[in-house]
Amino acid sequence: MDAFYASIEELDQPSLRGKPVVVGADPRGGRGRGVVSTANYEARRYGIHSAMPISRAYLLCPQAEFLPPRFDRYVALSTQIMQILQRFSPELEPLSIDEAFLDCTASVVALGPGLAIARAIKQAVHSETGLTASVGVAANKFVAKVASDLEKPDGLVLCAAGEEAAFLAALPIRKLWGVGPRTAERLQAAGIHTIGALASANPEALRCALKNQAPRLQALARGEDSRAVDSSRVRKSISEETTFVTDQLDPATVVQALRFTADQATRRLRKEGLQARTIHLKLRYSNFETLLRSHTFDEPIDTFETVFSCALQLLRRCADDQRAKRLVGVGLSSLTPRGQEKDGQLLLPTQEEKGNEVRRDELFDWMIARFGKHVSRASLIPPRKDD
């Protein structure tokens, strides 16, 4: 999808069209401490991009419209778009909330060649959602991904089978999957600036610059990618973060933010019917240095109290760290479907097997579904000044 979050905001507020739009925190009045979630193409002309500190985005384009994210709206449209894609092929692999691979090999007889299917997908997405999509058509996932990025927004690019190496040759090496800034620096220092140059480079020389990555990246540079579209792909992790309005030295404020973040993460975990075995703590300091800690349980868990207690212990391991905190985050990984497996079958716990934590969380989830997001855990409500 093209600038997905920002495009949805323009769709819902037509007055924003033609203006720079940035989805993230509000940087004015000292309230914004987060990062850019996405920016529309008008804002990108000023150098604004995803993951940029919102304060930097404001300096680059103070006249932009800065909007808070509305994730419920974005998820609803993402679900609708994925359902549209599944009409063209059941072989769908979501890559993120706004991007997916689709293997249409079996659909060619009924729907025509890949280019015709791509045009039909773009038309269906636009007519049913009002949004534009950019599509890359190729014989493998990597080349299709590259093609989808070349003519944004509203692009459609085809790479014919057998022409992958020539299609990629003139593109800069940063377009290659897995080549980040540091890898690009090493390649450029070796005189390699394009994907074609990487494809034809001496393998021994590449090993000096790329070590174990060399064979894989050189194969991609030749347009070779044997990975199949995986329609069984499941979410690998869930994470939530809280960015403080001002850098925090107060331990109680950091702990309260951790409690809130753990609550948000476990609610998402249960909503998706998952459990996790590994808990991650993320701390970012005022100088943007980031500290990561984790703990893995023997059995999967999904309750707020267990996740928060574990994250708090990880935080207390850093208790002697008196530096000001900018952000605290909780991540959950090693995800599995909620329940237990026996003889290959997934079994949900019985009422007798559920502990108090599980019953409390289930009641809390039901209350939110019934009464809305204004329902909160008492421990997350700040005390009144007269209390």
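A residue counts as partly exposed when its relative accessible area lies between the limit for buried, under 20%, and the limit for exposed, over 50%. The structure on display is a predicted model, and this tour starts at a residue to which that definition applies.

**Stop 1: the loop between α7 and β7**

Select D154, which is found in the loop between α7 and β7. Because its relative accessibility is 44%, D154 counts as partly exposed. Its phi is near 60 degrees, a positive value in a residue other than glycine. Now add P153, placed in the same loop, between α7 and β7 (156-158). The peptide bond that runs from K152 to P153 is cis, and its omega is near -5 degrees. As background, most residues other than glycine have a negative phi, and most peptide bonds are trans.

**Stop 2: helix α12**

Move next to residues 214-221, helix α12, which is mostly covered, with 6 of its 8 residues buried. Colour A214, L217, Q218, A219, L220 and A221 to see the buried residues. Then display the helices that help to cover them, including α7 (141-149), α8 (164-168), α9 (181-189), α10 (195-199) and α11 (203-210).

R216 also belongs to helix α12, but R216 counts as partly exposed, at 44% relative accessibility. Draw a distance from its C-alpha atom to that of G178: the separation is 9.5 Å, for two residues 38 places apart along the chain. After α12 comes G223, with a positive phi near 85 degrees.

**Stop 3: helices α1 and α4**

Show helix α1 (residues 4-12) together with helix α4 (residues 71-88); they pack at an angle of about 100 degrees, and their axes are 10 Å apart. α1 is therefore roughly perpendicular to α4. On the α1 side, select F4, Y5, I8, E9, L11 and D12; on the α4 side, select F71, R73, Y74, L77, S78 and I81, and the contact is in view. By class, the residues of this contact of α1 with α4 comprise 8 nonpolar, 1 polar and 3 charged.

**Stop 4: aromatic pairs**

How many aromatic pairs does a search of the whole structure find? The search finds 9. One of them is Y5 with F71: the ring centres are 5.9 Å apart and the planes stand at 80 degrees, so this pair is edge-to-face. The pair joins distant parts of the chain, since Y5 is in helix α1 and F71 in helix α4, 66 residues apart.

Are the two partners buried or exposed? Y5 is buried, with a relative accessible area of 15%, whereas F71 counts as partly exposed at 44%. Extend the selection to F4 and Y74, and a cluster appears in which ring pairs link F4, Y5, F71 and Y74.

For another edge-to-face pair, select W366 and F371, whose ring centres are 6.0 Å apart and whose planes are at 90 degrees. W366 is partly exposed, with a relative accessible area of 49%.

**Stop 5: the largest nonpolar core**

Select L258, L283, V330 and L332, which touch the most other members of the largest nonpolar core, a set of 29 residues. At least two residues of this core come from each of β8 (237-248), α13 (251-271), β9 (274-285), β10 (290-301), α14 (304-316) and β11 (325-333). Which element gives the most to this core? That element is α14, with 8 residues.

Centre the view on L283. Beyond its neighbours within four places in sequence, L283 is in contact with E289, T290, L291, L315, C318, K325, L327 and V328. Another core, of 25 residues, lies apart from the largest one, and M1, I84, F88 and L131 are among its members.

While in this region of the sequence, select F288, in the loop between β9 and β10. F288 has a positive phi of about 75 degrees although it is not a glycine, and F288 counts as partly exposed at 40% relative accessibility.

**Stop 6: helices α13 and α15**

Finish with α13 and helix α15 (residues 356-371), whose axes come within 11 Å and cross at roughly 85 degrees. The two helices, α13 and α15, are thus roughly perpendicular to each other. Select D263, R267 and R270 in α13, which meet D361, F364, D365 and I368 in α15. This contact of α13 with α15 has 2 nonpolar, no polar and 5 charged residues.

Key
Residues numbered from 1 in each chain as written. Predicted model: local features only at pLDDT ≥ 70, side-chain atom pairs only at ≥ 80, totals over all residues. Heavy atoms only, no water. Axes fitted to C-alpha atoms, helices over the stretch in contact; angles between N-to-C directions. Helix = DSSP H or I, 4+ residues; strand = E, 2+ residues; numbered from the N terminus. Parallel < 35°, antiparallel > 145°, perpendicular 65-115°, else oblique. Contact = heavy atoms within 4.5 Å. Nonpolar A, V, L, I, M, F, W, Y, C, P; charged D, E, K, R; others polar. Buried < 20%, exposed > 50% of the residue type's maximum accessible area, 1.4 Å probe, protein only. Core = buried A, V, L, I, M, F, W, Y, C linked by side-chain atoms within 4.5 Å. Phe/Tyr/Trp six-rings, centres within 6.5 Å; stacked < 30°, edge-to-face > 60°.
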